[in-house]
Amino acid sequence: MTLFEDPAQDLALAPGAMLLGRFAETADSALLAALGRIIAAAPIRHMMTPNGGQMSVGMTNCGAAGWVSDRTGYRYDGRDPETGRPWPAMPQSFADLATRAAAAAGFAGFVPDACLINRYTAATRLSLHQDRNERDLGAPIVSVSLGLPAVFLWGGLRRAQRPRRVRLVHGDVVVWGGPARMTFHGIDPLRAADHALTGPLRYNLTFRRAL
Ligand code: SIN
Ligand code: FE2
């Protein structure tokens, strides 16, 4: 069943996991302007998976560490392998939003050092996975949705658990940590549409404490 809750409402997904309805909406123009500068310096690319496929989600990073996938596996790297340069610095507007959202969900003192930027176009999906490459699993994940809506798959601590389907709209923020930190999650194939601010795209900013 797809749940179409009032998107401005908060929703507790599990102990340690919360959807903050439209929490980022008032910051959206600052976030998108900063995002444009990051993408100009570190372009969106389709990374290679360890088994040789190409990810359908386009990605880049900002912050001290960036999440990277290639033939050797997944890792955090201080440099963009495409340019050899450090990833663009994390804008203050990004870090502030992540800290405020984490606190609102019960995780005070979260200071991200990594932000993975995911870009989805029509039909792009992200299969169920855990975020498990971070050194400090005591810190939560803060995930910000911008642009087109998507169906978030919220599973359990085991891959086999059937995921709940939660609609995410522009400005929604999902925070998961503590007992929910290793929850399997993903994104259903994106439906083609047109968003006033991002056109045919959905962006997701995922803030982590990686180092
Ligand atoms: C992710 O799991 O890295 C991204 C989730 C999303 O796009 O909302
Ligand atoms: Fe993830």
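I began with Asn-204 in this predicted model, and found that one of its polar side-chain atoms lies 3.2 Å from an oxygen atom of ligand 1. I then looked up how much of the ligand is covered, and noted that the protein hides 98% of the 260 Å² of accessible area that ligand 1 has on its own.

Next I went through other side chains that reach ligand 1 with an N or O atom. For Arg-202 I noted a distance of 2.8 Å to an oxygen atom of the ligand, and for His-129 a distance of 3.1 Å, again to an oxygen atom of ligand 1.

Where does ligand 1 sit? I looked this up among the pockets, and ligand 1 sits in the largest pocket.

I then turned to the shell of residues around ligand 1, which includes Asn-118, Tyr-120, Leu-126, Ser-143, His-185 and Ile-187. By class, I noted three nonpolar, six polar and two charged residues in this shell. Strands β7 (114-120), β8 (126-129), β13 (185-187) and β14 (202-208) each supply at least two of the shell residues, and I marked β14 as the strand that gives the most, with four residues.

My last entry concerns Thr-60, which I placed in strand β4, spanning residues 58-63. Is Thr-60 buried or exposed? I recorded it as buried, because its relative accessibility is 0% and the cut-off for buried is under 20%. I also looked for a partner of its side chain, and found that a polar atom there lies 2.7 Å from the backbone oxygen of Ala-42.

How values were computed. Residues numbered from 1 in each chain as written. Chains lettered and ligands numbered in written order. Predicted model: local features only at pLDDT ≥ 70, side-chain atom pairs only at ≥ 80, totals over all residues. Heavy atoms only, no water. Near = heavy atom within 4 Å. Polar contact = N/O pair within 3.5 Å; in protein donor to acceptor, adjacent residues only side chain to side chain. Areas by Shrake-Rupley, 256 points an atom, 1.4 Å probe, with all protein chains shown as cover. 1 Å grid on protein atoms, 1.4 Å probe; cavity = no way out; pocket = protein on both sides within 12 Å on 5 of 7 lines; lining within 4 Å. Sits in = over half its atoms within 2 Å of the grid points. Nonpolar A, V, L, I, M, F, W, Y, C, P; charged D, E, K, R; others polar. Buried < 20%, exposed > 50% of the residue type's maximum accessible area, 1.4 Å probe, protein only.
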